[in-house]
Amino acid sequence: METKNIMIVGVGGQGSLLASKLLGRLLLTKGYDIKVSEVHGMSQRGGSVVTYVRYGDKVYSPVIDKGEADFIVSFELLEAARWTEYLKKGGKIVTNTQQINPMPVITGAAAYPENLVEKMAQAGMDVDAFDALSLAEEAGSAKAVNLVLMGRLSRSFYFTEAEWMEAIAQSVPEKFLEMNKRAFALGRGA
Amino acid sequence: MKKLLLGNEAAARGLYEAGCSFVSSYPGTPSTEITEAAAKYPEIYAEWAPNEKVAMEAAFGACLAGRRSFCGMKHVGLNVAADPLFTISYTGVNAGMVIAVADDAGMHSSQNEQDSRHYAKAAKLPMLEPSDSAEALHFAKLAYELSEAFDTPVLLKMCTRIAHSQSVVELGERVEAAVKPYEKNPGKYIMMPGNAKRRHPVVEERLRKLTEWAETADINRAEPGKDHKMGIITSSTSYQYVKEACGDTYPVLKLGMVWPLPEKKIIEFAKSVNSLVVVEELDSFIEDHCRNLGLACTGECSFPIIDELSPNKVAYELTRTYPTGVKLEEDIPPRPPVMCAGCPHRGLFHTLKQNKCTVFGDIGCYTLGAVAPLAAMDTTICMGASISGLHGFNKASGGEAAGRSVAVIGDSTFMHSGVTGLINTAYNESHSTVIILDNSITGMTGHQQNPTTGVNLKGDPCTKIDLESLCRAIGIQRVRVVDPYDLAACDQAVKEELAADEPSVIISRRPCALLKYVKHPGPIASDPAKCVGCKSCMKIGCPAISMVDKKAVIDATLCTGCGVCTQLCKFDALGGGKKEG
């Protein structure tokens, strides 16, 4: 099969590494060739962060370039808008509607753009925007936004809920397992 | 068993399987996880050394004692360790020794974009360069075989995209390496001129033999292509981008060893194609070598020597097409990294800004003190440069400059190479004010222990270097400790030490806000009735504070309750004395 490309974007510290770990686990059990690329170091300190997940029969590049992403999963609305150029024609954006002001907005040097979901849709993008933070809080922790987003993303994949749950069990500590499963289910059902 | 591993974790697995039993490194993005992953194997003794030079010398000592040894570092770390590197090239090894160096093309987390391949050439050492995690594991093991077969340290070159990408690896078993007894051999191991003169020809001969090995090594492989119009020589991530763009259209010479280069193989490959293209990241290292061999290369392609390559950059040069996406017609404000909410560095930088200090910065999270709105930094060069730079600045500008200039340096960076600068300050008597930002951890690279934390890499309690005693022992009489959450105390300390007619050290001490053991009071609440919208609290660049309808608003998911903003508010609108949560 042709290589599929998923970008996970957000703000450093939001927990995108767990999302990519979960996807990697699941895809490995399915026998795909996989590459997952992360950036560590300075950019993790509240900066814009991106993780690339690629899978298929044979994956070469560890990163995804402009016009290549089948899915962009975003933890934050502005970050979804930042990376749209990476979306493939016919690709899909799954985004949390939470807004986190970057420092130039906090200091008043820039404004947080308005109506981003509508603007992305007007530009012809397939955007699935929803309040993942509330669902995460409903599941028991604001930190579970990553699992809510994965649940929402899972609706576009042929893997069964049981397969996802198995991968979750392998990726999160036992004491947070039930909460994370709830968050995933809420995202998947939302 | 198949597993998804980071390139760095796979390299560590390779060390493990090769029977490596000694690791000494200094953390540095993107190299850190090799050593962290190696430390998880009980069979491997692993430590954080205070700097890369110490680490490399320790690893050399361990290989002399007969153990397969390793040290890892980022590209700029190899500058620090260059001194031993060039001479252990002459001595060679006893048991195998492998040195990993991780470049950071694109400077995701670095102060320059140097290309470490030049070190292999300059120090006359073999350098292997994996292109994915499976090769990182394989090459780490192969590096030990080469090291022992050719009596040489071997460089394993990583880069951000290999180090921090997970791909599928097949795990093998560990094969214990027999300890090679140490034998005294002054002619080989004492590099004084007479001996070194005899060793240099050995090094040149070794390089010749390694070149011969490279000619037939299967890690330098020619991959067939359908169209011989073009042939591509490449390695590392560049290889992956070439395959992504062209598949098996053109023949590819994929180099797993980037120094020494297989000259005959390259010439033979060039003859088999109509035109030769070299695809490599950063400097034209392989390309220059091809030109030296008399080969015309690259033709109409023009690969930049600045920034990292990408699939589309490579696709465009090779095929003149690449995919494009839709850019949103919208001003998207950038999101640069910032000091975290509750970061202990914030209060201190605010004090430096208020006092209009000239600030010599250093390498760590606190380099973010250079970013607006704090913008309280004048220079950042390399590990340790703050203290030595300040000394020179003060000496050269006379007494007045010393009254308003400071150096800021983290605890780990101070142990790395700040301490020698402080010795110079004391010895040559500049009236420098040095501020050690002691957050009790190596922060930026992801919380590594260091000599001041009292815990070693394996997580065991160990000797804790006492910063106050160390500074006093060096000869600094004025050493004081402040809490960076206490703005009045910071201001007083900075003013008094700047005024002193002698060198002084201020230790700004509070653990990193992200450390698990640190307990925070919890978020404060802002009082819109009291807030007059003066924006005093906005001066500190805290990501938890923003202005909404001209009133300060606290983001309770980020605020730790550090209280720095509370001290700035003259109207008692930010939590006041009481903290909620």
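Where is the place of B:Lys254? I looked that up before anything else. B:Lys254 sits in strand β11 of chain B, residues 252-255; strands are DSSP runs of E with at least two residues, helices are H or I runs of at least four, and both are numbered from the N terminus.

Note to self on the source: this is a predicted model, where local features need pLDDT of at least 70 and side-chain atom pairs count only at pLDDT 80 or more, while totals for chains, interfaces and linings use all residues. Residues are numbered from 1 along each chain as its sequence is written, and chains are lettered from A and ligands numbered from 1 in the order in which they are written.

**B:Lys254**

I checked burial next. B:Lys254 counts as buried because it has 20 C-beta neighbours inside 10 Å. The cut-offs: buried takes 20 or more other C-beta atoms within 10 Å of the residue's own, exposed takes 12 or fewer, partly exposed is in between, and C-beta atoms are placed from the backbone. Leaving out residues up to four places away in sequence, I find B:Lys254 touching B:Arg221, B:Glu223, B:Thr234, B:Ser235 and B:Tyr239 (contact: C-beta atoms, placed from the backbone, within 7 Å). B:Ile233 is 21 residues away along the chain, with its C-alpha atom 6.1 Å from that of B:Lys254.

**β10 and β13 of chain B**

I then followed strand β10(B), residues 230-234, which runs parallel to β13(B) over 5 bridges; strands pair if DSSP finds at least two bridges between them. B:Met230 has B:Ser275 in β13(B) as its bridge partner. Strand β13(B), residues 275-279, has 4 of its 5 residues buried.

**The sheet across both chains**

I traced an open, mixed sheet of 8 strands, in the order β6(A)-β5(A)-β4(A)-β1(A)-β3(A)-β2(A)-β8(B)-β1(B). Its edges are β6 of chain A (126-130) and β1 of chain B (2-6), each paired on one side only. From one strand to the next the twist averages 20 degrees (axes are lines fitted to C-alpha atoms, for helices over the stretch in contact; angles run from 0 to 180 degrees between N-to-C directions).

Inside chain A, β1 (residues 4-11) and β4 (residues 69-74) run parallel, joined by 4 bridges. A:Met7 has A:Ile72 in β4(A) as its bridge partner. Helix α1 of chain A (residues 16-29) packs on the sheet, touching β1, β2 and β3 of chain A plus β1 and β8 of chain B, and its direction makes about 5 degrees with that of β3(A).

Where do the chains join up? β2(A) and β8(B) pair antiparallel over 3 bridges, and A:Val36 stands opposite B:Gln166 in β8(B).

**The A/B contact**

I counted 49 residues from chain B and 50 residues from chain A in the contact. On the chain B side, the elements giving two or more residues are β1, β8, α11 (236-246), α14 (311-319) and β19 (545-548). α11(B) gives the largest share, 5 residues.

**Start of chain B, and its domains**

Helix α1 of chain B (residues 7-17) has 10 of its 11 residues buried, so it is largely enclosed by the rest of the structure. Among the buried ones I noted B:Glu9, B:Arg13 and B:Tyr16. Just after this helix, B:Gly19 takes a positive phi of about 85 degrees.

The domain assignment, automatic or from a database, splits chain B into domain 1 (2-216), domain 2 (220-319), domain 3 (345-509) and domain 4 (519-581). I get 49 Å between the C-alpha centres of domain 1 and domain 4 of chain B.

Technical notes:
Contact = placed C-beta atoms within 7 Å.
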